[in-house]
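Please walk through this structure with attention to how its strands, helices and buried residues are arranged relative to one another. The account begins with a single residue and widens from there.

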Amino acid sequence: MKILMATMGLDIGGAETHIVELSKELKSEGHDIAIVSNGGVYVPEITAAGIRHYTAPLNRRSGLAMLQGRRLLGEAIRRERPDLVHAHARIPAFLCGALCRRWKVPFVTTAHWVFDTRGALRYLTNWGERTVAVSEDIKAYLIREYGLSAEHITVTINGIDTEKFSPDHTGREVIREFGLDPATPILSYVSRMDEDRALVAGQLIEIAPALDRALPGIQLLIAGGGNVFDRLKARAEDVNARMGRRCVTMTGPRTDINEIVAAGDLFVGVSRAALEAMAAGKAVIVAGNEGYHGLFTPDKLDEARAGNFCCRGLPMSDPDTLLADVTAAFRLPQAEKEALGAYGRQVIFDYYSVRRMAADCLSVYEQVRRRKYRVVMSGYYGFGNAGDDAILDSIQQAIRAASDDVSVTVLSNDPELTRRQYGLDAIPRFRMLRVLRALRQGDVLLSGGGSLLQDTTSTRSLLYYLSVIRCAQWLHKPVMLYANGIGPVRKPANRRRVRQVVERAALVTLRDHASALELKQMGITRPAVVTADPVFHLEPACQARSLELLAASGLPQGQPFVAVSVRDWHDAEAFYPQLAALCDHLRGQHGLEVLFLLMQPDRDRAATAQVRALMEQPAWVLDVPTAPRELMGVLGQARLCLAMRLHTLIFAARMAVPAMGLVYDPKVASYLEELDLPAAGDVEHFDRAEAIRRADALLANYDKVLARLREKSAQLTQAAGENERLLLELLEGTK
């Protein structure tokens, strides 16, 4: 990708070094990088790495500077035509937001610190389409102060170049340049010398005479520049004059921070500077403007990582504590200091590699980057129904496997849930202005899968899906009915509506032959392709997770079981006792434990409880939050499936588990025929004796049924792949 970074400046500082290292790593991985900033000491380093730099005053809040910065930033965007803009500070992010909307460029930000949110300052911030936070506490801050969605925030690390910061560096050139004596203790410190960053630098200067009394000849090497540098340098010169020697050396801004760190025997600092010193194998006292952590030791790892080594929330640094800890650290045995240094470097390898940082950012870029094709998906999504959620998961999984050039936007009843579970962009399905905007920006409307075009549930539901399709057709967007189950559509007016819409569809794929027959009987002449339900492409959860869920249900471990799925249905009071008797028979005569699965918990829980209460034998229920893949994995452990819900039967077929259907809807009967599996009976006219006879026959011929099902499942898995092939052909025709 071509990526444009925007930041305030490139002088010494943790955020600045983060940007430099990230840009260099992305460049080394083959991406084309440019940076816009106010300039600084790191500009020669990035240009030497082949990274272009544009100068713009992105570091000041004055109106004139921001207008000039916006103009220059806009010129850089026009010249570079980037695939993505990544802003790293408040002013650049604010300016980038409007420019990226205008130029339709994906836009992400990184939060390196917390901001003043008083008054109008809150509105000077734009967090882009996605946000990267450098620690968990900054993520919490963004959610709390700005209301950002947790699913849109990725926590990354301050990645460190472990070759640049390594024990192999000696710091000899720095020692020679500043006339330091390597035979006496050297303490190094790095930070921006700004009012809000240089607290500990001032404290080190203050305690220099006391340190000299405790550690004769100690030298303080303090690097960094900023708005209080001159004041601190004057204080340092005054201390040196009083001590009669140069104890404190103020270097000003430097780019050879690795050599500054290498020159010291002990490092004091915070955030990225502390991590760089750890990578160099130095013992480190973590201290900064936000708080004081003290000498970094293994027992402090979790707390330090939680705040990204920034000390937020910890007690503030004070000169007496700093003096005591620096003195104690220098007095440690050399072997102990080396062990702390080696441990710190291992922490960097384990948690803070620059490659990991780049990978985190690339994953965010993938979420927002503009793809060649944009698909809008309409279906029964965001209702907590495992079957329809499985359809969504399997479709997006298959699309991603087929092509990296397709982005998906889902019309969902619960967009936050859809984003969280599947990482997909989602909008409210009933906010029609937003739906129209998504359709206008998209290339194709994908309606399905599932049984959307039917009026058994209600005419209102049918009209919703037809309305979305009509909107797409009105906007001249191709419509694909994706692996649909059609019908039943009973009302003549509804049949006319379906016929009018389907005839104008650009592509129709169906999950079974009964749906093709239903379209034909409606008088629809346009061709349709019978493929298979997309769930046949969904991968189940691993066996370990499946066994863990079975244990959570209380099911006796290692026992064969029948998985039962029952849902609420009108006039089912006479059916439930009959089903309970069938379940009792399966346990009493065939030794199958009975495990109820909740495909849509809020709809299935009460019906399940009624059947269990009517049973004479014990039964179990899996009533913990589960994803569709997990339910599929659990079903894969069963010997038999007994289900009302269609997608429980499809899950069973996908996992090659013989099943019997409880027919409450013609779609269940037609799919059982498609799978060559028996029905236990019709819910409204259920015959317990006949159901038991059919169950006994299936179990008596179990091996033959299983062999047929495995063959059929393999055929359907192959057929499901046709959906994506045909979709890609349709998309290619839109360009």
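In this predicted model, Gly387 touches Met599 and His647, leaving aside residues up to four places away in sequence. Gly387 is found in helix H15, which spans residues 386-402, and because its relative accessibility is 3%, under the 20% limit, Gly387 counts as buried. Contact at this site should be kept apart from distance elsewhere: Gly387 and Glu729 are separated by 342 residues in sequence and by 27 Å in space, C-alpha to C-alpha.

The part of the model around strand E21 can be read next. Strand E21, residues 561-565, is mostly covered, with five of its five residues buried. In a regular strand, side chains alternate between the two faces of the sheet. In E21, Phe561, Ala563 and Ser565 point one way, while Val562 and Val564 point the other way, and all are buried. E21 pairs in the parallel sense with strand E22, residues 593-597, over four bridges, and Val564 stands opposite Phe596 in E22.

Phe596 appears again in the nonpolar interior. The largest nonpolar core has 102 residues, and Leu582, Phe596 and Leu642 are those with the most contacts inside it. Helix H28, residues 702-732, gives the most to this core, with 11 residues. Once neighbours within four places in sequence are set aside, the residues in contact with Leu642 include Val562, Ala563, Val564 and Ser565, as well as Leu579, Leu582, Cys583 and Leu586. A second, separate core has 59 residues, among them Ile160, Leu275, Val347 and Ala358. As a general tendency, nonpolar side chains in soluble globular proteins are buried together.

Another region is built on an open sheet of seven strands, whose order is E3-E2-E1-E4-E5-E6-E7 and whose pairing is parallel. Strand E3 (52-55) and strand E7 (153-155) stand at the edges with a single partner strand each, so one side of each is left without a neighbour in the sheet. On average, neighbouring strands of this sheet are turned by 20° against each other, direction ignored. At the E3 edge, four bridges join E3 to strand E2 (residues 32-37), the two running parallel, and Val36 stands opposite Tyr54 in E3.

Helix H14 (residues 354-368) packs on this sheet, where it touches strand E1 (2-6), strand E4 (84-87), strand E5 (107-111), strand E6 (130-133) and E7, and its direction makes about 165° with that of E7. H14 also meets helix H1 (residues 14-28): their axes come within 9 Å and cross at roughly 80°, which means that H1 is roughly perpendicular to H14. On the H1 side the contact involves His18, Glu21, Leu22, Glu25 and Leu26, and on the H14 side Val354, Arg355, Met357, Ala358, Cys361, Leu362 and Tyr365. By class, this contact of H1 with H14 has eight nonpolar, one polar and three charged residues.

Beyond strand E7 the chain enters a loop, and Thr162 lies in that loop between E7 and helix H6 (172-177). Is Thr162 buried or exposed? Thr162 is buried, because its relative accessible area is 18% and the cut-off is 20%. Leaving out residues up to four places away in sequence, Thr162 touches Arg345, Ile348 and Phe349. Thr162 and Glu276 are 114 residues apart in sequence, yet their C-alpha atoms are 8.2 Å apart in space.

Methods
Residues are numbered from 1 along each chain as its sequence is written. This is a predicted model: local features need pLDDT of at least 70, side-chain atom pairs count only at pLDDT 80 or more; totals for chains, interfaces and linings use all residues. Side-chain values use heavy atoms; hydrogens and water are left out. Two strands pair if DSSP finds at least two bridges between them. Axes are lines fitted to C-alpha atoms, for helices over the stretch in contact, and angles run from 0 to 180 degrees between N-to-C directions. Contact means heavy atoms within 4.5 Å. Angles under 35 degrees count as roughly parallel, over 145 as roughly antiparallel, 65 to 115 as roughly perpendicular and the rest as oblique. Ala, Val, Leu, Ile, Met, Phe, Trp, Tyr, Cys and Pro count as nonpolar, Asp, Glu, Lys and Arg as charged, and the others, Gly among them, as polar. A nonpolar core is a set of buried Ala, Val, Leu, Ile, Met, Phe, Trp, Tyr and Cys residues joined through side-chain atoms within 4.5 Å. Buried means under 20% relative accessible area, exposed over 50%, partly exposed in between (1.4 Å probe, protein chains only).
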